[in-house]
Amino acid sequence: MKKENRTVLKDIMQNRDLEINIPAYGNAYINATYEYSLIRLVLNYYTMKEVEDELGAGLDDYLSCVLNEIHTILFEALLSEDVKADYSDIVDRVDRLRDEMTKKMTLLTSYTDTLQIYEYVLNRLEYGITGEKVEVEESALAAKVFQYLFSDNDKMVVNSKIQMVTGQLPIRMTKNRFFDYLTDTLNIYNGSDKSSVDDFVAMLKSTALLELPKGYGEEYKEIAQVIEILEKTDYKALDLEKYNELMEQFSMTATHLSGLVSNYLLVMEIVNNLYAAMLAKPFENNEGESVLACVNMLKGLHDAFVSAGGIPEAVDDGFMVIEGRQEELGEDIMQYESILPDVLDGQADTISWMMADAVFSNLDKISKLLSSSLFIDLEKTETVLGVADSEYITSVRDELVGLLTVFFEKHPREINRAVMAALFSNMPVLFNSQQEVKDYIEYSLNHCNSSSELMACASILEEMMAED
């Protein structure tokens, strides 16, 4: 970051010369985000071209339509000789694209949660049906898992590992005991904002398939049909032939869904990059070399997409110009963004007086679009709904327990155990000591329903520890 820009940030935080420093800050920030967005757009657009070339006609129909709209918007907004001066229509179109993509991804996430539930069930049936044998010594496995959990000094890493492991260990508790764990988890939020509680509960409901999004079971029929088969399967009556057939369908569907999600995430990156660039475009005055290089690279990639041709060499040559700029700009943007909340809250009158509302409103959205949360709500503001007291926690807990009780009554034990395990892996760690963790692991492994479940659990845990 240039010295003068660091000085501007320091002066703003000390409320000095705001009539000069606020516009200077906004200008420097918007120029940085415009250039950074273009670089990210080039990189992701390039990757998408490679994906499309690899898949050929195998790209999802909806994503193909989204990409066509992106090609059109790019041409009209950046690449045409007759570029529009008014970007409000462009921004609205990108916003609609992003909203549609978010809804689609919510649906795909729900399908993913569902398949993970059935994967848990199928994995624990495998050894009992196939007859394959794996030697497992419970105490040795428990000791190895315990060592794996606490081999890192970072508490957050340890807690993450505990959540993953408890999500795979056999659930050996009554529904009432599970509900006690749920109550203890929710009580952690006592005294926090109600919105935090609501967000956490919404995540649990989604994980447990208690709330299914619009289009579930109707869109992506190839996935919905396999899930329907999984729902109707009598898992106690499976023989080897039926199990292998079911696993083949499951594996193909899981691979297909994983590919879809991966492509959707990439396209959403492109949409966010384009959105951020279009929000910055009306206010930027960045004439840097890398900005021109990005526009030329986007032209080459756009032509390659439209003509279904290869990526021109000129596009690859452009990487020499932008090399290292993403990292430099990323560091600058982090510093600009660090004071943005204070500027928006503390200097609102100054911003309004200078008629810079549109600039800073766009910067607020751009900061979200460039964050790691691809599907963040751009319009959501931090509204305080009130403090979650004991009464509120109890009401939320009772509703959630009621929904789970109904779900458990309608589903077989195998599914219910899988749902409990999935919820466990998303709950904060409630163990009070390493000894409690050790006791839980040993108890779970020593009380498997069958040797098949023990072997499956051991196999999954060994694979998990090997990948770390």
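**Exercise 1.** Find which helix gives the largest share of the lining of the largest cavity, and describe the space that it helps to enclose.

*Solution.* Start with the helix: α6 (residues 155–166) supplies 3 residues, the largest share of this lining. Helices here are DSSP runs of H or I with at least four residues, strands are runs of E with at least two, and both are numbered from the N terminus. Keep in mind that this is a predicted model, in which local features need pLDDT of at least 70 and side-chain atom pairs count only at pLDDT 80 or more, while totals for chains, interfaces and linings use all residues. Residues are numbered from 1 along each chain as its sequence is written, and side-chain values use heavy atoms, with hydrogens and water left out.

Next, the space itself. On a 1 Å grid over the protein atoms alone, a cavity is a set of points where a 1.4 Å probe fits but cannot get out; a pocket is an open set with protein on both sides within 12 Å along at least five of seven lines; lining residues have an atom within 4 Å of a point. The largest cavity has a volume of about 110 Å³, where volume is the space filled by probe spheres set on grid points joined across faces, edges and corners.

Now list the walls: I162, Q163, T166, Y181, F424, M427, P428, V429, L430 and F431. By class, this lining has 8 nonpolar, 2 polar and no charged residues. The classes are nonpolar (Ala, Val, Leu, Ile, Met, Phe, Trp, Tyr, Cys and Pro), charged (Asp, Glu, Lys and Arg) and polar (the others, Gly among them).

**Exercise 2.** Work out how many cavities of 30 Å³ or more there are, and which helices each supply at least two residues of the lining of the second largest.

*Solution.* The count comes to 2. The second largest cavity has a volume of about 30 Å³. L149, I162, V165, T166, F431, V437, Y440 and I441 line it. Helices α6 and α19 (434–446) each supply at least two of these residues. The lining of the second largest cavity divides into 7 nonpolar, 1 polar and no charged residues.

**Exercise 3.** Stay with α6 and describe how α5 meets it.

*Solution.* First the geometry: the axes of α5 (residues 138–149) and α6 come within 9 Å and cross at roughly 145 degrees. Axes are lines fitted to C-alpha atoms, for helices over the stretch in contact, and angles run from 0 to 180 degrees between N-to-C directions.

Then the residues: V145, Y148 and L149 in α5 meet V158, K161, I162, M164 and V165 in α6, with contact meaning heavy atoms within 4.5 Å. This contact has 7 nonpolar, no polar and 1 charged residues.

**Exercise 4.** Give the same description for α3 and α11.

*Solution.* The axes of α3 (residues 61–79) and α11 (residues 289–307) come within 11 Å and cross at roughly 145 degrees. In α3, H71, L74, F75, L78 and L79 meet V295, L298, K299, H302 and F305 in α11. The residues of this contact divide into 7 nonpolar, 2 polar and 1 charged.

**Exercise 5.** Identify the helix that gives the most to the lining of the largest pocket.

*Solution.* The largest pocket has a volume of about 660 Å³. Its lining has 20 residues, of which Q116, E119, G167, Q168 and M464 lie nearest its centre. Three helices, α4 (88–130), α18 (413–424) and α20 (451–467), each supply at least two lining residues. The answer is α4, with 7 residues. By class, the pocket lining divides into 8 nonpolar, 7 polar and 5 charged residues.

**Exercise 6.** Place M355, N15 and D389 in their loops.

*Solution.* M355 sits in the loop between α15 (348–353) and α16. Its phi is positive, about 55 degrees, although M355 is not a glycine. M355 has a relative accessible area of 74%, so it counts as exposed; the classes are buried under 20%, exposed over 50% and partly exposed in between (1.4 Å probe, protein chains only).

N15 lies in the loop between α1 (3–13) and α2 (18–55). Phi of N15 is also positive, near 60 degrees, in a residue other than glycine.

D389 belongs to the loop between α16 (357–369) and α17 (390–410). With a relative accessible area of 37%, D389 is partly exposed. The C-alpha atoms of D389 and S192 are separated by 8.0 Å, though these residues are 197 apart along the chain.

**Exercise 7.** Step back and describe the whole protein chain.

*Solution.* The chain has 20 helices and 0 strands. Its C-alpha trace spans about 70 × 55 × 40 Å along the principal axes. Of its 468 residues, 47% count as buried. Among contacts between residues at least 6 apart in sequence, 83% join residues at least 24 apart.
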